[in-house]
Amino acid sequence: MKKIRRLLAVILICVFCVGVCPLASAAEPLPGSTDLYLLSENNSDGQAKLLGKTVTVEGIVTVASGVWHDQVNYFSIVTPRDSYRFGGGTLVYSPGNATQYKVGDRVVVTGTVVNGAYASDKGTTAIRTASSSDIQVRGSGVALPDAYPIYTDPLYEEVELDPGLRFEGMPVRVLGKVSDVAAEGTVRGFYVDGSRDGDYEDGAGRMKWYSYSGIESQVSQGDWVVVEGILMQSDASSPYTSGYYIRPSSSAGIQLITQDTVLRLSEAVRQKKDGTAALAGLSVTVHGVAAGPTGQWHESNTAFAMVS
């Protein structure tokens, strides 16, 4: 009888661990690799402390290779959504014909840490490999972190010195008003004004969104939009604290604000500089948790507070 009890106890413990205990998986970090959050740590000049060093990093592909450049492998990798580590991201540049790394691929990259793979991306930390063989795929279908909402005029301290997340090279989203749409030429795209000053008309603090082959926009002057993409920099000189812009990863990252557009609560309650609602008159959709029952404030209507 004692043997049976011991056997049952062992079975129960095993069943419990299968259902509850963490299991080893491909999500575990590669031993000896440099954490992307630490890779994004800058010195007083605004450049990566590991600049010029050869490192091995692991991350999740945010945009398919061939989208940003059709002759080389040029894309961004980030920490996965469910990572227990602090979040970070970096650009990857590898010479040679573009290999089709897909969004959600888990890759291991070995290369040299550089300040921008192109002159247009100075201030953005990147890894330049010797060849495409320095990029190895370890898995696929890994969830990316959600795009984090920022202003179109983010402060360096907010996006690169955050104690938990460093957003350069990571997915972000901005809400604002469209201006200066350029549908033709070598620099296509538009500007979005969602600056912290609450003036969405003057263009001060606006951010550039670039269009690439296969990623087109159907926006017009004055449209309210939510735009998602990878946060990058184009800053000509040290300490590289400005020049932030969004490089898109797919056409799905451009949304005209309609009643079907799901906004964050923090976006829906944005105000103009005069204190009025920025989106007054627009129908939007938000998700949240009711902070109290209907009828508590007024018995004849359904007004209630909602929090995220």
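Arg 173 has Glu 228 as its bridge partner in strand S11, and this pairing is a convenient way into the structure, which is a predicted model. The two strands behind it, S8 and S11, run antiparallel and are joined by seven bridges. The chain as a whole has 308 residues, of which 41% are buried, and its secondary structure comes to four helices and 17 strands. Among the contacts in the chain with a separation of 6 or more, 65% are between residues 24 or more positions apart.

**Strand S11 and its partners**

- Strand S11, which covers residues 224-233, is mostly covered, since nine of its 10 residues are buried.
- Besides its seven bridges to S8, S11 is joined by three bridges to strand S13, made up of residues 254-256, and these two strands run antiparallel.
- Within the pairing of S11 with S13, Val 226 stands opposite Gln 255.
- S11 also pairs in the antiparallel sense with strand S12, which spans residues 244-247, and four bridges hold this pairing.
- In that pairing with S12, Gln 233 stands opposite Tyr 244.

**The second largest pocket**

- The second largest pocket has a volume of about 310 Å³, and of the 18 residues that line it, the closest to its centre are Leu 144, Pro 145, Ala 147, Pro 171 and Glu 228.
- Glu 228, one of these residues closest to the centre, is also the bridge partner of Arg 173.
- Strand S8, residues 171-182, and strand S11 each supply at least two residues of the lining of this pocket.
- By residue class, the lining divides into eight nonpolar, five polar and five charged residues.

**Ser 179 in strand S8**

- Ser 179 is found in strand S8, and with a relative accessible area of 13% it counts as buried, because that value is under 20%.
- The side chains of Ser 179 and Arg 206 are joined by a polar contact of 3.1 Å.
- Leaving aside residues up to four places away in sequence, Ser 179 touches Phe 190, Tyr 191, Arg 206 and Gln 221.

**Leu 263 in strand S14**

- Leu 263 has its place in strand S14, which consists of residues 262-263, and Leu 263 is buried, with a relative accessible area of 3%.
- Although Leu 263 and Val 226 are 37 residues apart in sequence, the distance between them in space is 8.3 Å, taken from C-alpha to C-alpha.
- Apart from residues up to four places away in sequence, Leu 263 touches Arg 173, Leu 175, Val 226, Ile 257, Ala 268, Leu 279, Val 284, Thr 285, Val 286 and His 287.
- Two of the residues touched by Leu 263 appear in the strand pairings described above: Arg 173, whose bridge partner is Glu 228, and Val 226, which stands opposite Gln 255.

**Asn 73 in strand S2**

- Asn 73 lies in strand S2, which runs over residues 73-78, and Asn 73 is buried, with a relative accessible area of 0%.
- When residues up to four places away in sequence are not counted, the residues that Asn 73 touches are Ser 65, Val 92, Tyr 93, Ser 94, Pro 95, Gly 96, Asn 97, Ala 98, Thr 99, Tyr 101 and Ser 132.

Definitions and conventions. Residues are numbered from 1 along each chain as its sequence is written. This is a predicted model: local features need pLDDT of at least 70, side-chain atom pairs count only at pLDDT 80 or more; totals for chains, interfaces and linings use all residues. Side-chain values use heavy atoms; hydrogens and water are left out. On a 1 Å grid over the protein atoms alone, a cavity is a set of points where a 1.4 Å probe fits but cannot get out, and a pocket is an open set with protein on both sides within 12 Å along at least five of seven lines; lining residues have an atom within 4 Å of a point. Grid points are joined across faces, edges and corners, and a volume is the space filled by probe spheres set on the points. Ala, Val, Leu, Ile, Met, Phe, Trp, Tyr, Cys and Pro count as nonpolar, Asp, Glu, Lys and Arg as charged, and the others, Gly among them, as polar. Buried means under 20% relative accessible area, exposed over 50%, partly exposed in between (1.4 Å probe, protein chains only). Two strands pair if DSSP finds at least two bridges between them. A polar contact is a pair of N or O atoms within 3.5 Å; within protein, one must be able to donate a hydrogen and the other to accept it, and residues adjacent in sequence count only if both atoms are side-chain atoms. Contact means heavy atoms within 4.5 Å.
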